[in-house]
Amino acid sequence: MKTYVLKRIIKAVPILMLLTIICFFLIQIAPYDAIDYIATPQMNKETIERLRRVNGLDKPVIVQYVIWVKNLINGDLGYSIITHESIKTSLITRIPNTAILMIPAYLISNCIAVMIGLFVSSRKHSLLRKIVDWLISLSLSIPFFWFCLLLLYVFGYLLDIFPISGMHSIGEAGVLDFLKHYFLPFICLIFSFLPDLIIYVETSADIEFQKDYITIQKAMGATNLNILFRHVSVNVLMPILTKMGMALPMILTGSLIVETMFSWPGMGSYYVKAIQAMDYPVVMTVLFFSGSLVILGNLLSDISYFILDPRISS
């Protein structure tokens, strides 16, 4: 087991390096940089060139990349070119904000999807399944940003029940105020996650119900509930571990649309602003850690399979 994990980690190093190289050079070929973003008509050419020199943007691309990698290895994430804030401090502040929004929404969506997916899959030709499938198709056809805008307009503007931006109201820091700000982005994320997860569970359960061991269980007199909870659910939950592992990068990047639309001070809105400004130290840091979490998520999924499925461990 230790040898397998070590091999996966060693293989991950060149993948991460390739990811950073591609992303870094893609940023460099953009038609503008961070200095162009903050430049004003009042700045003369000498001032703009001095800003580029101070931030190291006047150096060759390869030199900039080597400096960035060297600083990363030394644990120095650098500073934002736009805000001059420490990237490490910004990550420490924003990652918990994103995690507290994303993790509960994703876990609850998985629980709801498993219950609905297994239930409707056991009633393959029923009216209930047709209704659920129709609702899923409808939700997938609705643009996600439009649904967010609809909630903002109805519950934030017309009814004025929930706040429409931020985590707290000015001068308020209570739990109730936080929950009011939390509700709308949380519902939007549930709406985003649920259809895909239900389809995944439903399809996996349909495949299990068609296997020979289900026919044998029915021939032996097992009830539908017994088959559903003792056999099908166990085999369906295994692939979900893979999806949950792949969802690990969301803790860092968050939901770009939700955090931007609701002005949630998390990683998603931070990343969007950095991309708009071509703030490459921030963009590269987020991409690096996001790629690392993808690899870590895959590794954790494989380890979970290794532990839970004796056929793999043997």
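**Pocket and cores at a glance**

Two helices, helix 4 (61–73) and helix 14 (280–308), each put at least two residues into the lining of the largest pocket. Keep in mind that this is a predicted model. Below is a quick tour of that pocket, then of the nonpolar packing.

**The largest pocket**

- In terms of space, the largest pocket holds about 390 Å³.
- Its lining runs to 19 residues, and those nearest the centre are Asn55, Asn71, Gly78, Tyr280 and Pro281.
- Which helix gives the most to this lining? That's helix 4, with five residues.
- By character, the lining residues split into nine nonpolar, eight polar and two charged.

**The largest nonpolar core**

- There are 31 residues in the largest nonpolar core, and the ones touching the most other members are Cys188, Leu189, Phe193, Val258 and Phe262.
- Four helices chip in at least two residues each to this core: helix 5 (87–121), helix 6 (127–141), helix 7 (144–158) and helix 8 (175–209).
- Helix 8 takes the largest share of the core, with 12 residues.

**Zooming in on Cys188**

- If you skip the neighbours within four places in sequence, Cys188 is in contact with Phe144, Phe147, Cys148, Leu151, Val258 and Phe262.
- Two of those partners, Val258 and Phe262, are also listed with Cys188 among the core residues that touch the most other members.

**A second core**

- Another core, of 28 residues, lies apart from the largest one, and its members include Leu77, Met278, Tyr280 and Val282.
- Tyr280 turns up twice here: it belongs to this other core, and it is one of the lining residues nearest the centre of the largest pocket.

Key:
Residues are numbered from 1 along each chain as its sequence is written. This is a predicted model: local features need pLDDT of at least 70, side-chain atom pairs count only at pLDDT 80 or more; totals for chains, interfaces and linings use all residues. Side-chain values use heavy atoms; hydrogens and water are left out. On a 1 Å grid over the protein atoms alone, a cavity is a set of points where a 1.4 Å probe fits but cannot get out, and a pocket is an open set with protein on both sides within 12 Å along at least five of seven lines; lining residues have an atom within 4 Å of a point. Grid points are joined across faces, edges and corners, and a volume is the space filled by probe spheres set on the points. Ala, Val, Leu, Ile, Met, Phe, Trp, Tyr, Cys and Pro count as nonpolar, Asp, Glu, Lys and Arg as charged, and the others, Gly among them, as polar. A nonpolar core is a set of buried Ala, Val, Leu, Ile, Met, Phe, Trp, Tyr and Cys residues joined through side-chain atoms within 4.5 Å. Buried means under 20% relative accessible area, exposed over 50%, partly exposed in between (1.4 Å probe, protein chains only). Contact means heavy atoms within 4.5 Å.
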